Each structure stands twice: as C-alpha cells, then as structure tokens.
Amino acid sequence: MKIKKKYHSEDYLGTGVQKTALFISGGFLILFFLLAFLAPDFTERAVGSSFDWSAKYFGLFWQLLMLATLIVGLLLMFTRYGRVKLGKQETPEFSNFRWIAMVLTTLLASGGVFWAASEPMSHFMTTPPLFSAENLSAWDRAVPGVAQAFFHWGFSAWAVLGTVATIVLMYCHYHKGMPLKPRTILYPLIGDKVFKRYNFFGLTADVTSIIAVAAGTIGAIGFLGLQAAYAFEQVTGIESNLFMQILFIVLLIGIATISAVTGVDKGIQILSRFNVAFAVVLMIIILIVGPTMFILDVFITAEAFQVQNFLMMSLTRGDEVWLAWWTVFFWGWFIGFGPMMSIFIARISRGRTIRELIIAVAIISPLVSNLWFATLGGSGVFFEIQNSGIISEPLNNVGQEAAVMAILNQLPMSALFAIGFLIITIVFVATTADSMSYASAVAVTGNDNPSKYIRVFWALIFGAVAVALLTLGEGSISLLQSFIVVSAVPVSLLLLPPVWDSVKIANKMAIEQGIKDKDDRSKL
C-alpha cells in the first residue's frame, strides 16, 4: 500500500486546514443553527421526516453492520493477528489506566449519566417487544429491561467506535504516512485518488463524518445540559428553565474550550482521569449504601441474559416504531461517532497491539459501562419495585433528565450524591466536546496535532447548535435524537469497508512483523 509520488502534487491534499471540508461542514452546522432559530417548525418537520426515512431504510443495515464489526474485531483479537503492533511505535504513550480512561469518557460521557438512570427504568416499565411481559414477576421484568440497556451500551456499540476502522486508520497514517482523516478509511478500497482535494468520495467522507460527530456531540451536550440544570434545581432550588439550561451549556463549552487549548496530553487526559476516578468512587459508594445485592444480582443476570439473547437482540425486526426510537437511534448515534472516535483512539493508541485495542474498546469498556448502568439504573428499578411510582412518576412527568435525581433522592446523603453527579455531568460532557472537537480539527487538517484555534471553533459550534435546539422547547429531545440518526446515514456506508479491509491490513502487518510467514495461505 504505497502512495504514488503524485500524492504530494498540487492536486492532492497537503498539510494545514482543508478549507473546503471546513467551510462545508461548518457552514452546514451554522445554517442548521439559523434554521432552528428562525424556522423551528420547518426544521422540526424536515428532521422528523428524514428520521423516519433513515430508520425505515437503514435500520436493518445498521444492525448488520454493528454485528459484523464486533464479530470481525473478536476474530482478530482471538487469532494470531491479535499480536500485531499498531502505530509504528514500540511502547505505548499512555499507561493502561490513562489510555482506557480517555476511551471510556468519550462514549460513556455521551449517555452514561443521562441514559444510565432512565433507560433501564423505561424498559422495566415497558418490557421490550422482543420479550413477553405477561404474567412476569417484578424481577423477571427487571432482567430483560436492564439487559436491553446493556445491549444498547454494550459490545456492539463500543466495537463500532474504535476497532476495525481504527486498525485501518492507524496503518494508513502511522505506517504509510497518509493524513489522519475520515477519507483515509476509503484508501484500501479506491486508492490514492481519494486524497485529491475535490474527490467526491473523499470530501463526502470528511464532511459527513464531521457533521455526524457534531450531531452526536451536540446531542450529548443538549441531553446533559438538561440534566445538569435539573440537578442544580434539586440541589439549590433554582428553577431549571431555558436560561439555566443554556447557562450550563455555556459552562460545559467553556471547560471544553480551556481543555482544547491545553492539548491532548494535558486537557483531555487530565479531565478523563479525574472523571473516571471520580465516577468509580461514586459508583462504589452507591454499591455500598444502595441495594448492593440487587445491583450485583441484576448485573450478573442481565449480562448473562444479554449474552444468551445477543443474536436475537442484534437482528430483531419486529416492532419498527420501538426499534426506531431505541435501537436504531442508539446505533445511529454510535455509527455517527465511529470515524471520529476511531481517529481519536488511533491518536492515543500507538504502541498497542490489536488484541489490546479490541480488549480495551470492545470488552473492558462495555463491561464498565454495563456495571455503571446496573448501579444507577438497577438502583432505580429496585426502588420502583419497593415503592411503585417513586422513580417512574418523575420520569414520566418531567422527563428523562429527572430519573437520576429521583434515584439519588432514595439514597442516604442524597444531597452529596446530587452534587457529585452534577460535577460528573459537567466534566463528562466537557471531555466529550473537547475530544470530538479535537477529532473534527484533525479531520479538516489531517494532522494529529491540529491548531488549537480550529479545535476551539468546533467546540463553540457544538455549543451554539445545542443551544439552538434547546430553544425549541418540549420537542428538543426528540429533535436531538432525530438529528443524530439522520446524520449517521452516509457515515454508515463509510464504516462498511473496514469490516474486511481490517483483516487484509492485519494480515499484511502480521507478515511485516514476522508473526505470520509470507507463504502461509491460512486466513487467520
């Protein structure tokens, strides 16, 4: 896989900001921002119609793509290809804890606080259509409900974020000197013409990846802005109105901007280490003072239930309305994050083997996520079983942002827990905004050390669009979800080639590194 000399000519991408990708993606988000403010009804109808179309025609494809990505990643991990070292570097730049902490905070931040409380509770109240809810005890309804949340934030979700696409990007960038951009994912498929400045496929890959990760990050900022404002109301009594929600988003983006200026080695790393350590401490305390045995029981049982029904949960096509609101929404969200998360993980994973990468991203991270969901969401289910309505009524009457506070109010020292979760919410989403603004800056430069001004630009755009969407009022959550799903459609096509290209590249590197003999014809 050698790039021809003409790659360096004037017709091909050089170093520095690629203005076309920046102007198209940034311009689209600014236009969306203006439309949401000036024509909210039109924006809501357009996004809603696009959501329905995306869920109908791409839902099945996304389900197959997510499953295939996980299977290929596991195959690479369990075979000799797992020993292949990535990034053309002998020793990793970051320790295991720092590395996994940076990986964890990006996706877990996007929904680990907002959805961990509300989703298990939602599935407990209304059993997913794949499983029968007739004549079941409370425990029998709790297990599939929690398992469904585990599935949505589990192995497939994490696999699409940083496994096979990361392998392709790390080989092309660090081993072959190509730009660290979404379009590089297409190089094994269409060759070096993808690096032409105005190549349609290359430019589309870059632009749609930026817009999709912007949608996902904007969604996270919006969701957690609502939750932070509601938590602040519970702690201080100050009403969670639109002004307070916007104020918290400004605070979140302010922290992300400061972190962006300090760089990956300081900002993101420091925030992620603090937040993971703080979240673990908070989780352990809840385990101790909360319904300890119920949490442990539901974690183990729901995990086993998920594994037992994994293929069925991955491929079910029964209730399309339910699928669109839950599974297809989450799959669209994670797919939209895929290229940029792969860029971010590639940047922090030099010196790691394929086996280490898959274990950290597709096994350790999902298990930590699931334990977090079991601790917070499982506690909510327990309290609801003990006192019907104690969690479900705030969830139904106020919204998903109310679920976490309803759960914390049932614990001793609830005020301290509320303050702790307020801190986690703020720092988690700031880390996500920072890391994804970094990845977006990389995407428009091809440089893994992009200008801090470009990073700050993306962080500010993310915050501005989140504010615009929140001004739409009660429909803001639905619009956020729909916007996320629509933006993932083109990106899902970009993430298909790595499913097979990663195997070819792993094979090539295995031969180069002496792990596999060149004359050995066996595939794995």
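How much volume does the largest pocket have? In this predicted model, the largest pocket has a volume of about 320 Å³. Its lining is made up of 16 residues, and those closest to the pocket's centre are Phe 28, Phe 32, Val 47, Phe 483 and Val 486. Four elements give two or more residues to this lining: helix H1 (19–38), helix H2 (40–78), helix H9 (200–236) and helix H21 (476–494). H2 provides the largest share, with five residues. In chemical terms, the lining of the largest pocket has twelve nonpolar residues, four polar ones and no charged ones.

**A second pocket and a cavity**

The second largest pocket holds about 220 Å³ of space. Leu 186, Leu 189, Ile 190, Phe 201, Thr 204 and Ala 205 are among the residues that line it, and so are Pro 490, Val 491, Leu 493 and Leu 494. Helix H8 (187–190), H9 and H21 each supply at least two residues of this lining, and the largest share, five residues, comes from H9.

There is also an enclosed space to look at: the count comes to one cavity of 30 Å³ or more. The largest cavity is lined by Thr 69, Ala 159, Val 160, Thr 163, Val 164, Ala 165, Leu 495 and Pro 498. Helix H6 (155–162) and helix H7 (164–175) each contribute at least two of the residues in that lining.

Here are the three spaces with their volumes and lining make-up.

| Space | Volume | Lining residues by type |
|---|---|---|
| Largest pocket | about 320 Å³ | twelve nonpolar, four polar, no charged |
| Second largest pocket | about 220 Å³ | nine nonpolar, three polar, no charged |
| Largest cavity | about 40 Å³ | six nonpolar, two polar, no charged |

**Helix H12 and its two faces**

Helix H12 covers residues 292–308, 17 residues in total, and reaches 24 Å from its first C-alpha to its last, close to the 24 Å expected at 1.5 Å a residue. Which residues of H12 are buried? They are Phe 294, Ile 295, Val 298, Phe 299, Ala 302, Glu 303, Phe 305 and Gln 306. These buried residues lie on the same side of H12 because they cover an arc of only 160 degrees around the axis. The face turned away from that buried side carries the exposed residues Met 293, Ile 300, Val 307 and Gln 308.

**Salt bridges**

How many salt bridges does the structure hold? There are five. One of them joins Asp 206 and Arg 183, whose side chains meet at 2.7 Å, N to O. This pair links distant parts of the chain, with Asp 206 in helix H9 and Arg 183 in the loop between H7 and H8, 23 residues apart. Asp 206 is buried, at a relative accessible area of 0%, and Arg 183 is buried too, at 2%. Both belong to a network of salt bridges that also takes in Lys 181.

Glu 93 forms a salt bridge with Arg 347, with the closest N and O atoms 3.2 Å apart. Here the partners are 254 residues apart: Glu 93 is in the loop between H2 and helix H3 (96–111), and Arg 347 is in helix H15 (residues 327–348). Glu 93 is partly exposed, with a relative accessible area of 38%, whereas Arg 347 counts as buried at 12%.

Lys 85 and Glu 90 form another salt bridge, their closest N and O atoms being 4.0 Å apart. Glu 90 is exposed, with a relative accessible area of 62%, while Lys 85 counts as partly exposed at 24%.

Notes. Residues are numbered from 1 along each chain as its sequence is written. This is a predicted model: local features need pLDDT of at least 70, side-chain atom pairs count only at pLDDT 80 or more; totals for chains, interfaces and linings use all residues. Side-chain values use heavy atoms; hydrogens and water are left out. On a 1 Å grid over the protein atoms alone, a cavity is a set of points where a 1.4 Å probe fits but cannot get out, and a pocket is an open set with protein on both sides within 12 Å along at least five of seven lines; lining residues have an atom within 4 Å of a point. Grid points are joined across faces, edges and corners, and a volume is the space filled by probe spheres set on the points. Ala, Val, Leu, Ile, Met, Phe, Trp, Tyr, Cys and Pro count as nonpolar, Asp, Glu, Lys and Arg as charged, and the others, Gly among them, as polar. The expected span of a helix is 1.5 Å times one less than its number of residues. Buried means under 20% relative accessible area, exposed over 50%, partly exposed in between (1.4 Å probe, protein chains only). The arc is that of the directions from the helix axis to the C-beta atoms.
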